[in-house]
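Biologist: I am new to this structure. Please take me through it, and give the reason behind each statement.

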Amino acid sequence: MPQKIGKIAVIGLGTLGTQIAIQAAYYGCSVRGYDQDPEIFGKTIQKVKGMMKILGKGPTMPVEEWEKASTKVLPAKDLAEAVKEADLVIEAVPELLELKRKVWAQIDALAPPDALLATNSSSIPVSRIESATRRPAKCLNIHFYQPAVGMNIVDVMGGTQTATEAIETVKDFVRSIGCIPLGVKKE
């Protein structure tokens, strides 16, 4: 039976990391966010609000609620604090394989043993990252589109050893935050 995701950590609070964190917070998840730049979350919110205005599209919830949900994302002072109680850790750092592998090794060492680890990568498959951990059965891709401009689609893809239960758990999580999971069968 899939586990319940209630506490998430988002590592990397750029354009998509910030949107993922706010989306999850709006739907009741306890969210911790971490980025090396402690000011990036606020800057990204302003950037995303600019995108909304230019595109003439708002988030998957009323804009006022989106802004209110942003205040529920708890900033972490470091990676250890961000992941220490997480059921799911979503990494959203820049698309650089070695950086992702380094961050994943750190997350693996700090996160609870039962935590699922996911990359939001659109171009690097989890099979190239999972060996940086001791838990490849709990590693997967969760690629969000742009929920802040109404795109509530999320690709869900396993790696070479991802357990079926991990994939089902993440699909349930994606549905629980108002998004539609698209199961990707092959990298």
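Biologist: How do you know which contacts link residues 24 or more positions apart?
Modeller: In this predicted model, a contact means heavy atoms within 4.5 Å. Of the contacts in the chain with a separation of 6 or more, 69% are between residues 24 or more positions apart.

Biologist: What makes the chain as compact as a globular protein of that length?
Modeller: The chain holds six helices and eight strands, in the order β-α-β-α-α-β-α-β-α-β-β-β-α-β from the N terminus. Its radius of gyration is 15 Å, and the globule rule gives 16 Å for 187 residues; the two values are close, so the chain is as compact as a globular protein of that length. The C-alpha trace spans about 40 × 35 × 30 Å along its principal axes.

Biologist: What share of the residues counts as buried?
Modeller: A residue is buried when its relative accessible area is under 20%. By that cut-off, 49% of the 187 residues are buried. The chain exposes about 8800 Å², with 55% of that supplied by carbon and sulfur atoms.

Biologist: Which residues of helix α3 are buried, and why are they said to lie on the same side of α3?
Modeller: In α3, residues 63–70, the buried ones are Trp 66, Ala 69 and Ser 70. They cover an arc of only 105 degrees around the axis, so they are on the same side of α3. In general, an α-helix has 3.6 residues a turn, so residues three or four places apart point the same way.

Biologist: What do the buried residues of α3 pack against?
Modeller: They pack against α1 (15–26) and α2 (40–55).

How values were computed: Residues numbered from 1 in each chain as written. Predicted model: local features only at pLDDT ≥ 70, side-chain atom pairs only at ≥ 80, totals over all residues. Heavy atoms only, no water. Buried < 20%, exposed > 50% of the residue type's maximum accessible area, 1.4 Å probe, protein only. Helix = DSSP H or I, 4+ residues; strand = E, 2+ residues; numbered from the N terminus. Arc of directions from axis to C-beta. Rg over C-alpha atoms; globule rule 2.2 N^0.38 Å. Areas by Shrake-Rupley, 256 points an atom, 1.4 Å probe, with all protein chains shown as cover.
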